[in-house]
Amino acid sequence: MPQLTSYIIGAIVLLWSIYLYTIDLKKDYGVYFLKKDLLSWLSLGMGIFYAGYLPIKILRYYMTIYDFKILWVSKVHLYLILIMYLCFAIGLVIMRRRKLPSLETEIE
């Protein structure tokens, strides 16, 4: 039970942080999601995963207590993982590249 409670609190804090980040994006840029921003893609992937996995985590806890099984839970869990990593990969591929400082300015 203590592990479940700490997981639930951590997931809620993470989802709240993602919510605050998207609200901040809306305030600064007028949109909730920036296509070329890696942090937007990471927060999208983590938000989808934890919003879907938090009920699964609670359901699995009760499945072990009351000794029953729901077969589709593991498939949903797998799809959530795939969606999360797909968001991470897309974000890494299309993120805006940082400009490297030129060597001439470092020598001077």
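**Helix α2 and its surroundings in the predicted model**

S43 is located in helix α2, and this serine is classed as buried because its relative accessibility is 12%, below the 20% cut-off. When neighbours within four places in sequence are set aside, the contacts of S43 are with I18 and Y21. The description given here rests on a predicted model, in which the chain has an average pLDDT of 89 and 92% of the residues score at least 70. Confidence varies along the chain, with the highest mean, 94, in helix α3 (residues 72-94) and the lowest, 56, in helix α4 (residues 103-107).

A second serine of helix α2, which spans residues 38-66, is S40. With a relative accessibility of 2%, S40 is likewise counted as buried. The side chain of S40 is joined to that of D37 by a polar contact of 3.1 Å. Beyond residues up to four places away in sequence, S40 touches Y21, L25, F33 and L34. Y21 therefore appears among the contacts of both serines, being listed for S40 as well as for S43.

Helix α3 contributes F88 to the picture. This phenylalanine is buried, since its relative accessible area of 17% falls under the 20% limit. Apart from neighbours within four places in sequence, F88 is in contact with W41, L42, G45 and M46, and helix α2, covering residues 38-66, includes these four partners. In relation to T22, which lies 66 residues away along the chain, the C-alpha atom of F88 is found at a separation of 17 Å.

Another residue of helix α3, L78, is partly exposed, with a relative accessibility of 47%. L78 belongs to a nonpolar surface patch of about 1100 Å², which is made by W16, Y19, L20, I23, Y32, F33, L44, I48, L78, Y79, L82 and I83. The elements giving two or more residues to this patch are α1, α2 and α3. F33, one of the patch residues, is also one of the residues touched by the buried S40.

The structure contains 1 salt bridge, which is formed between K27 and D24, with the closest N and O atoms 3.9 Å apart. Both residues lie in helix α1 (residues 2-29), and because they are 3 residues apart in that helix, about one helical turn separates them. The two partners differ in their accessibility class: K27 is exposed, with a relative accessible area of 66%, whereas D24 is partly exposed, at 33%.

The loop between α1 and α2 holds G30. This glycine is partly exposed, as its relative accessible area of 39% lies between the limits of 20% and 50%. The C-alpha atom of G30 is separated by 24 Å from that of V13, and the two residues are 17 residues apart along the chain.

Technical notes. Residues numbered from 1 in each chain as written. Predicted model: local features only at pLDDT ≥ 70, side-chain atom pairs only at ≥ 80, totals over all residues. Heavy atoms only, no water. Buried < 20%, exposed > 50% of the residue type's maximum accessible area, 1.4 Å probe, protein only. Polar contact = N/O pair within 3.5 Å; in protein donor to acceptor, adjacent residues only side chain to side chain. Contact = heavy atoms within 4.5 Å. pLDDT = per-residue confidence, 0-100. Salt bridge = Lys/Arg side-chain N within 4 Å of Asp/Glu carboxyl O. Patch = residues over 30% accessible without salt bridge, like charges linked within 9 Å, V, L, I, M, F, W, Y side chains within 5 Å. Areas by Shrake-Rupley, 256 points an atom, 1.4 Å probe, with all protein chains shown as cover.
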